[in-house]
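Please open the model in your viewer, with side chains available for display, and keep the selection box at hand. Each stop below says what to select and what is found there.

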Amino acid sequence: MADEIKAFNDYRAKMNEVILGKQNKVINRLFNLDTNTYAEGALSTKVKEMLGLVSSMVLRCDDCIKYHLGKCHEQGITTEEMYEIFAVANIVGGTIVIPHTRRAAEYWEELLQQEQA
């Protein structure tokens with residue numbers, strides 16, 4: 001699975017470079033808006049990443065979930081906090097979120113194992 005984390009991050013970086021390289025004003029502005037949304041402000045970047053993860057789980061976007069799991073890991077979120085995030089996502093999104101929670105838990109475990117390697 002460590003290869004999955006690297007493959008996900010590499011693919012995301014490669015395709016973002018391709019997309020942004022086309023210099024489409026609307027897309028570039030959207031990407032910039034997204035970046036600025038998660039910057040430190042009245043809410044910390046940690047809180048914003050947790051919100052992004054819950055939203056991604058409720059919307060059932062596996063790529064977004066992986067991205068925010070990685071960012072949450074970078075922000076030092078604990079496993080106990082992560083499972084509370086999973087709980088909020090499941091309450092808000094309903095049982096249809098359970099399969100995404102399984103994949104998120106698997107990816108989270110891999111992030112923790114990668115940290116120890």
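The tour goes from helix to helix and then to the contacts between side chains.

**Before selecting anything**

The model is predicted, so to speak of a local feature a pLDDT of at least 70 is needed, side-chain atom pairs count only at pLDDT 80 or more, and totals for chains, interfaces and linings use all residues. Residues are numbered from 1 along each chain as its sequence is written, and side-chain values use heavy atoms, with hydrogens and water left out. Helices are DSSP runs of H or I with at least four residues, strands are runs of E with at least two, and both are numbered from the N terminus.

**Stop 1: helix 2 and its cap**

Select residues 25-37, which make up helix 2. The expected span of a helix is 1.5 Å times one less than its number of residues; the 13 residues here should span 18 Å, and the end C-alpha atoms are indeed 18 Å apart. Then add asparagine 24, which caps the N-terminal end of helix 2 through a side-chain oxygen 3.1 Å from the backbone nitrogen of valine 26.

**Stop 2: helix 4**

Next select residues 62-74, the 13 residues of helix 4, which reaches 18 Å from its first C-alpha to its last, close to the 18 Å expected. Colour Ile65, His68, Leu69, Gly70, Cys72 and His73, which are buried; buried means under 20% relative accessible area, exposed means over 50%, and partly exposed lies in between, with a 1.4 Å probe and protein chains only. Show helix 3 (45-59), helix 5 (79-93) and helix 6 (98-116) as well, since the buried residues of helix 4 pack against these three. Just after helix 4, pick glycine 76, which takes a positive phi of about 85 degrees.

**Stop 3: lysine 48**

Which charged side chain is buried yet has no salt bridge? Select lysine 48, in helix 3: this lysine is buried without a salt bridge, and the nearest side chain of opposite charge, glutamate 40, is 7.4 Å away. For this purpose Lys and Arg count as positive and Asp and Glu as negative, while His and the chain ends are not counted. A salt bridge is a side-chain nitrogen of Lys or Arg within 4 Å of a carboxyl oxygen of Asp or Glu. Leaving aside residues up to four places away in sequence, lysine 48 touches Thr37, Tyr38, Ala39, Glu40, Gly41 and Leu43, where contact means heavy atoms within 4.5 Å.

**Stop 4: the salt bridges**

The count comes to 5 salt bridges, and three are visited here. Begin with lysine 6 and aspartate 10, whose closest N and O atoms are 2.5 Å apart; both residues lie in helix 1, 4 residues apart, about one turn of the helix. Aspartate 10 is partly exposed, at 40% relative accessibility.

Move to lysine 46 and glutamate 81, where the closest N and O atoms are 3.2 Å apart. Lysine 46 is in helix 3 and glutamate 81 in helix 5, so the pair ties together parts that are 35 residues apart in sequence.

Then select arginine 103 and aspartate 62, whose side chains meet in a salt bridge of 3.2 Å, N to O. This pair links distant parts of the chain, with arginine 103 in helix 6 and aspartate 62 in helix 4, 41 residues apart. Keep arginine 103 selected and add histidine 100, because a polar contact of 3.1 Å joins the two side chains; a polar contact is a pair of N or O atoms within 3.5 Å, in which, within protein, one must be able to donate a hydrogen and the other to accept it, and residues adjacent in sequence count only if both atoms are side-chain atoms.

**Stop 5: the aromatic pairs**

Rings of Phe, Tyr and Trp (its six-membered ring) pair if their centres lie within 6.5 Å, with planes under 30 degrees apart counted as stacked, over 60 as edge-to-face and the rest as tilted. By this rule the count comes to 2 aromatic pairs. Select phenylalanine 8 and tyrosine 107, an edge-to-face pair at 6.5 Å centre to centre, with 80 degrees between the planes. The pair links distant parts of the chain, from helix 1 (residues 2-21) to helix 6, 99 residues apart. Phenylalanine 8 counts as buried at 11% relative accessibility, and tyrosine 107 counts as buried at 2%.

Finish at tyrosine 83 and phenylalanine 86, an edge-to-face pair at 4.9 Å centre to centre, with 70 degrees between the planes. Being 3 residues apart in helix 5, they are separated by about one helical turn. Tyrosine 83 is partly exposed at 38%, whereas phenylalanine 86 is buried at 2%.
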